[in-house]
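Grab a pencil and work through the exercises below with the structure open beside you. Try each task before you read its solution.

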Amino acid sequence: QLFTTFAFMLNTSPQLTFVACASVPVVGVASKKYALFVFSLSKEMQDRLADSMKIAEEVFSSILTVRSLAGEKCVADDFDDALREYKDVGMRQAGAYATWNTFNS
């Protein structure tokens, strides 16, 4: 079936057949690069979430010390910074997804 389709395309328009065949490697390379980029963003996102959960776990395990030193604000700021980093990576991932789908729909 592939051979028949290719022969039909070549018979109908050799120029368009060439363009169609030339675009396949470009799309394949772009897809591979996008997949690697999204994979790295996903890994980074998991790392940022783990960092924020590590902060929360440390605070909960030593809540009496944090309270006795009046460190709630400092700890809350640290947790907020960690969640902000997580959100920033998520926004980059959403932007990559939206850009890819804009050109592939």
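**Exercise 1: A serine and its contacts**

Task: Which residues does Ser52 touch, leaving aside its neighbours within four places in sequence?

Solution. Ser52 is in contact (heavy atoms within 4.5 Å) with Phe79, Ala82 and Leu83, once neighbours within four places in sequence are set aside. Next, find its place: Ser52 sits in helix H2, where helices (H or I, at least four residues) and strands (E, at least two) are DSSP runs, numbered from the N terminus. Last, check its cover. Ser52 has a relative accessible area of 0%, so it is buried; the scale runs from buried (under 20% relative accessible area) through partly exposed to exposed (over 50%), with a 1.4 Å probe and protein chains only.

A note before you go on: this is a predicted model, in which local features need pLDDT of at least 70 and side-chain atom pairs count only at pLDDT 80 or more, while totals for chains, interfaces and linings use all residues. Residues are numbered from 1 along each chain as its sequence is written, and side-chain values use heavy atoms, with hydrogens and water left out.

**Exercise 2: How confident is the model?**

Task: Find the mean pLDDT of the protein chain, then the elements with the lowest and highest means.

Solution. Start with the term: pLDDT is the predictor's confidence in each residue, from 0 to 100. The protein chain averages 91, and 100% of the residues score at least 70. Now go element by element: helix H3 (residues 63–68) has the lowest mean, 80, and H4 has the highest, 93.

**Exercise 3: The nonpolar patch**

Task: Which residues form a nonpolar patch on the surface?

Solution. Look for Leu49, Met53 and Leu83, which together offer about 220 Å² of accessible area. That area comes from the Shrake-Rupley method with a 1.4 Å probe, and for residues only the protein chains shown count as cover. Patch members need over 30% relative accessible area and no salt bridge; like charges are joined within 9 Å, and nonpolar side chains (Val, Leu, Ile, Met, Phe, Trp, Tyr) within 5 Å. Take Met53 as a check: its place is in helix H2 (residues 14–61), and with a relative accessible area of 41% it is partly exposed.

**Exercise 4: The aromatic pair**

Task: How many aromatic pairs does a search of the whole structure find?

Solution. The search finds one. Tyr34 and Trp100 form this pair, and it is stacked: 4.5 Å centre to centre, with 10 degrees between the planes. Tyr34 is in helix H2 and Trp100 in helix H4 (residues 72–103), so to speak two distant parts of the chain, 66 residues apart. Why does the pair count? Rings of Phe, Tyr and Trp (its six-membered ring) pair if their centres lie within 6.5 Å; planes under 30 degrees apart count as stacked, over 60 as edge-to-face and the rest as tilted. For the cover, Tyr34 is buried at 19% relative accessibility, whereas Trp100 is partly exposed at 25%.

**Exercise 5: Salt bridges**

Task: How many salt bridges does a search of the whole structure find, and which residues are linked in a network of them?

Solution. The search finds seven. A salt bridge is a side-chain nitrogen of Lys or Arg within 4 Å of a carboxyl oxygen of Asp or Glu.

1. Glu44 and Arg92 form one, with the closest N and O atoms 3.0 Å apart. This pair links distant parts of the chain, Glu44 in helix H2 and Arg92 in helix H4, 48 residues apart.
2. Glu85 and Arg48 form another, at 3.8 Å between the closest N and O atoms. Glu85 is in helix H4 and Arg48 in helix H2, 37 residues apart.
3. Lys73 and Asp77 bridge at 3.1 Å. Both lie in helix H4, four residues apart, about one turn of the helix. Lys73 is exposed, at 59%, but Asp77 is partly exposed, at 33%.

Now for the network: Glu44, Arg48, Asp51, Glu85 and Arg92 are linked by salt bridges.

**Exercise 6: An unusual phi**

Task: Where is Ala70 found, and is it buried or exposed?

Solution. Ala70 is in the loop between H3 and H4. At 59% relative accessibility, Ala70 counts as exposed. Its phi is positive, about 55 degrees, although Ala70 is not a glycine.
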